[in-house]
Amino acid sequence: MTGMLILAAAVLGAVIGSFIGATLVRLPEGRSVLTGRSACDGCGKALTPAELIPVVSWVVQGGKCRACGSAINRWQLAAELGGALIGAVAMGLSPFPVWAMLLGWQLLLLALLDLGHMWLPRKLSALLAASGALFALVMTSWTGDVMILVQSMVGGVFGFATLWLLGQGYLAWRGREGLGGGDPPLLGAIGLWLGPLGVIHTLLVASLGGLAVAAVLHRVGRRIAPDTMLPLGTLLAAAAWPVYLWQGL
């Protein structure tokens, strides 16, 4: 029974990931992500249901449109596989799998947007914050422990203030922006889900991840300078979900 639930969660995650993949293309272009038929980004051909099966369609078609042969957006498969992985892991490990999936899928979208476009939309961070506050309210009501809500609120303020103050300090020191404007709201939203201790753990894991990425880039011959830009939002999002799972175990 558990295996079937994990499989079902993975399938659902792949479907959600397909929507995330479409959002990665449409949102930066200012197109609606809720209306309009799915179509090839190269030739505009409307896609059939058989061409919209997550993961399977990409593999069968070799990552290309059947009509024009243009490559399907490279992040589509990553989003579908990432969504499936989040669904399966949440169902298998988290005591609150639905909440874990909700958090994971939102973080996946934000991580890929920042990785591909260096962009963290405020509306998506606000949605993440709202769902985090809702999570805290539901857990507080369910357990009767008001400290869950208090820690959530403190985490939100702490997360936002930490990066905002760091960014202001860097601006005063170097005379230029050192952080993207979307990073503090993202960490504030994460703080609403994880609390202040979770913010600290997220920053630690993200920092280690950044060092690992820099080491890999250096290893392959990429020049790393003090002003080399890394997608901090991606690192934060990638760190926050395992921290959430760890806190719940």
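## Exercises on a predicted helical model

At 37% relative accessibility, Arg 31 counts as partly exposed. This value, like the others below, comes from a predicted model.

### Exercise 1. A charged pair

**Task.** Determine which residue forms a salt bridge with Arg 31, and state how far apart the closest N and O atoms are.

**Solution.**
Step 1. Side chains of opposite charge can pair when their charged atoms come close.
Step 2. The partner of Arg 31 is Glu 29, and the closest N and O atoms of the two are 2.7 Å apart.
Step 3. The cut-off for a salt bridge is 4 Å, so the pair Glu 29 and Arg 31 qualifies.
Step 4. The count for the model comes to one salt bridge by this rule.
Step 5. Glu 29 has a relative accessible area of 52%. Exposed means over 50%, so Glu 29 is exposed. Arg 31, at 37%, is partly exposed.

### Exercise 2. The length of two helices

**Task.** Compare the expected span of H1 with the distance between its end C-alpha atoms, and repeat the check for H4.

**Solution.**
Step 1. H1 has 25 residues, which at 1.5 Å a residue should span 36 Å.
Step 2. The end C-alpha atoms of H1 are 36 Å apart, in agreement with the expected span.
Step 3. H4 has 21 residues, for which the expected span is 30 Å.
Step 4. The end C-alpha atoms of H4 are 30 Å apart, so here too the values agree.

### Exercise 3. How H1 and H3 pack

**Task.** Describe how helix H1 and helix H3 cross, and classify the residues of their contact.

**Solution.**
Step 1. Two packed helices are described by the angle between their axes and the distance between the axes.
Step 2. The axes of H1 (residues 2–26) and H3 (residues 74–93) come within 6 Å, and they cross at roughly 145 degrees.
Step 3. The crossing of H1 past H3 is right-handed.
Step 4. On the H1 side, the contact residues include Ala 10, Gly 13, Ala 14 and Gly 17; on the H3 side, they include Ala 79, Gly 83, Ala 84 and Gly 87.
Step 5. The residues of this contact divide into 13 nonpolar, eight polar and one charged.
Step 6. An α-helix has 3.6 residues a turn, so residues three or four places apart point the same way.
Step 7. Among the buried residues of H1 are Ala 10, Gly 13, Ala 14, Gly 17 and Gly 21. The buried residues of H1 pack against H3 and also against helix H4 (97–117).
Step 8. Leu 5 is found in H1 as well, but at 39% relative accessibility it counts as partly exposed.

### Exercise 4. Positive phi angles

**Task.** Where do Val 55 and Met 118 lie, and what are their phi values?

**Solution.**
Step 1. Val 55 lies in the loop between H1 and helix H2 (56–60). Its phi is near 65 degrees, a positive value in a residue other than glycine.
Step 2. Val 55 has a relative accessible area of 22%, so it is partly exposed.
Step 3. Met 118 follows H4 and has its place in the loop between H4 and helix H5 (122–143). The phi of Met 118 is positive, near 50 degrees, again in a residue other than glycine.
Step 4. Met 118 counts as partly exposed, at 42% relative accessibility. H4 itself is mostly covered, with 16 of its 21 residues buried.

### Exercise 5. Buried or exposed?

**Task.** Decide whether Asp 183, Val 199 and Thr 234 are buried or exposed, and list their contacts beyond four places in sequence.

**Solution.**
Step 1. Buried means under 20% relative accessible area.
Step 2. Asp 183 is found in helix H7 (residues 183–219). Its relative accessibility is 6%, so Asp 183 counts as buried. Asp 183 touches Leu 120, Leu 163, Leu 232, Gly 233 and Leu 236.
Step 3. Val 199 also lies in H7. Its relative accessibility is 0%, so Val 199 counts as buried. The contacts of Val 199 are Gly 155, Phe 158, Gly 159, Leu 187 and Gly 191.
Step 4. Thr 234 is found in helix H8 (residues 232–248). Its relative accessibility is 13%, so Thr 234 counts as buried. Thr 234 is in contact with Ala 111, Asp 114 and Leu 115.

Terms used:
Residues are numbered from 1 along each chain as its sequence is written. This is a predicted model: local features need pLDDT of at least 70, side-chain atom pairs count only at pLDDT 80 or more; totals for chains, interfaces and linings use all residues. Side-chain values use heavy atoms; hydrogens and water are left out. Axes are lines fitted to C-alpha atoms, for helices over the stretch in contact, and angles run from 0 to 180 degrees between N-to-C directions. Helices (H or I, at least four residues) and strands (E, at least two) are DSSP runs, numbered from the N terminus. A crossing is left-handed if the near helix is turned anticlockwise from the far one by less than a right angle, and right-handed if clockwise. Contact means heavy atoms within 4.5 Å. Ala, Val, Leu, Ile, Met, Phe, Trp, Tyr, Cys and Pro count as nonpolar, Asp, Glu, Lys and Arg as charged, and the others, Gly among them, as polar. A salt bridge is a side-chain nitrogen of Lys or Arg within 4 Å of a carboxyl oxygen of Asp or Glu. Buried means under 20% relative accessible area, exposed over 50%, partly exposed in between (1.4 Å probe, protein chains only). The expected span of a helix is 1.5 Å times one less than its number of residues.
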